[in-house]
Amino acid sequence: MLIYAKQPIYYVINRYPQKIKTLYLARELDKKEYSRLMKMGFEIKRIPNEAAVKMSKNANHQGFLAEVEEYKLYDYQTFLEKNFVLVLAGLTDVGNIGALIRSAYALGVDAVIVSGIKHLNIEPILRTSTGALFDMPLAVETNIHNLLNDFKMSGFTSYGADMGGVDVRDIQPAKKRLLVLGNEGEGLSSRVTAKLDTIVSIQMAHDFDSLNVSVAGGILMDRMRYE
């Protein structure tokens, strides 16, 4: 997998240098930093900016690109022993998914499941999570109804995000909890909400229709942290 830009690459360098196969540099580094990187155990190649632009498909690479190990997906049933699991039901925007994974890791979520899609492109999600994906167990399960049943049988209380729900500030989240976020356009389907224990919402201070799903997800995850 190829990642690029300074922040995600340095996240991996500093935490998981063994996962980097080749670091490509299209910019100059000071001698001290270059010497440090040379001792990390991965190959370093200097490349012209034109090559970096081509490799990153015209994205903003900031002079840093890296070939890293493939991410290995988990079986979601291994998450049944955890306490706080995030389910992304039908989300398709890799930017939103990556941002939610980054927030989930920062806010104490134990694992993330992407459901309702057949194929997940891991490479851009790793980039948009700024490398946090390597710290967050991730599974893909096509059938959300099966996984909701499995978590219910394992003692989880399920919460879904919808504008018509109760104020998330008014609930005391269960210790074993599942937070389900719907897709960017239509939210959660009626079939999914019918299976959930509680529907929660974020009460707005001003008259406004909705928040971006990654922003709303971050707020809900923070307010459902178990202290």
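A pocket, as the word is used here, is an open set of grid points, on a 1 Å grid over the protein atoms alone, with protein on both sides within 12 Å along at least five of seven lines. The exercises below concern a predicted model.

**Exercise 1.** State the volume of the second largest pocket, and describe its lining by residue class.

*Solution.* The volume of the second largest pocket comes to about 150 Å³. Its lining is formed by Ala89, Gly90, Gly116, Ile144 and His145, together with Asn183, Gly187, Leu188, Ser189 and Val192. Sorting these residues by class, with Gly counted as polar, gives four nonpolar and six polar residues, while no charged residue takes part in the lining.

**Exercise 2.** Determine how helix α1 is oriented with respect to helix α2, and identify the residues through which they meet.

*Solution.* The first step is the geometry: α1, spanning residues 6-15, packs against α2, spanning residues 31-38, at an angle of about 55°, and the two axes are 12 Å apart. Angles from 65 to 115 degrees would count as roughly perpendicular and those under 35 as roughly parallel, and the two helices are therefore oblique to each other. The crossing of α1 past α2 is left-handed. On the α1 side the contact involves Tyr10, Ile13 and Asn14, which meet Glu33, Arg36 and Leu37 of α2. By class, this contact holds three nonpolar residues, one polar residue and two charged residues.

**Exercise 3.** Carry out the corresponding analysis for helices α4 and α8, covering their orientation and their contact residues.

*Solution.* Helix α4 (residues 94-106) and helix α8 (residues 213-223) have axes that lie 9 Å apart and form an angle of about 15°. Since angles under 35 degrees count as roughly parallel, α4 and α8 are classed as roughly parallel to each other. In this pair, α4 passes α8 in a right-handed crossing. From α4, the residues Asn96, Ala99, Leu100, Ser103 and Ala104 meet Val213, Ser214, Gly217, Gly218 and Met221 in α8. The class count for this contact is five nonpolar and five polar residues, with no charged ones.

Note on methods: Residues numbered from 1 in each chain as written. Predicted model: local features only at pLDDT ≥ 70, side-chain atom pairs only at ≥ 80, totals over all residues. Heavy atoms only, no water. Axes fitted to C-alpha atoms, helices over the stretch in contact; angles between N-to-C directions. Helix = DSSP H or I, 4+ residues; strand = E, 2+ residues; numbered from the N terminus. Parallel < 35°, antiparallel > 145°, perpendicular 65-115°, else oblique. Left-handed = near helix turned anticlockwise from the far one by under 90°. Contact = heavy atoms within 4.5 Å. 1 Å grid on protein atoms, 1.4 Å probe; cavity = no way out; pocket = protein on both sides within 12 Å on 5 of 7 lines; lining within 4 Å. Points joined across faces, edges and corners; volume = space filled by probe spheres on them.
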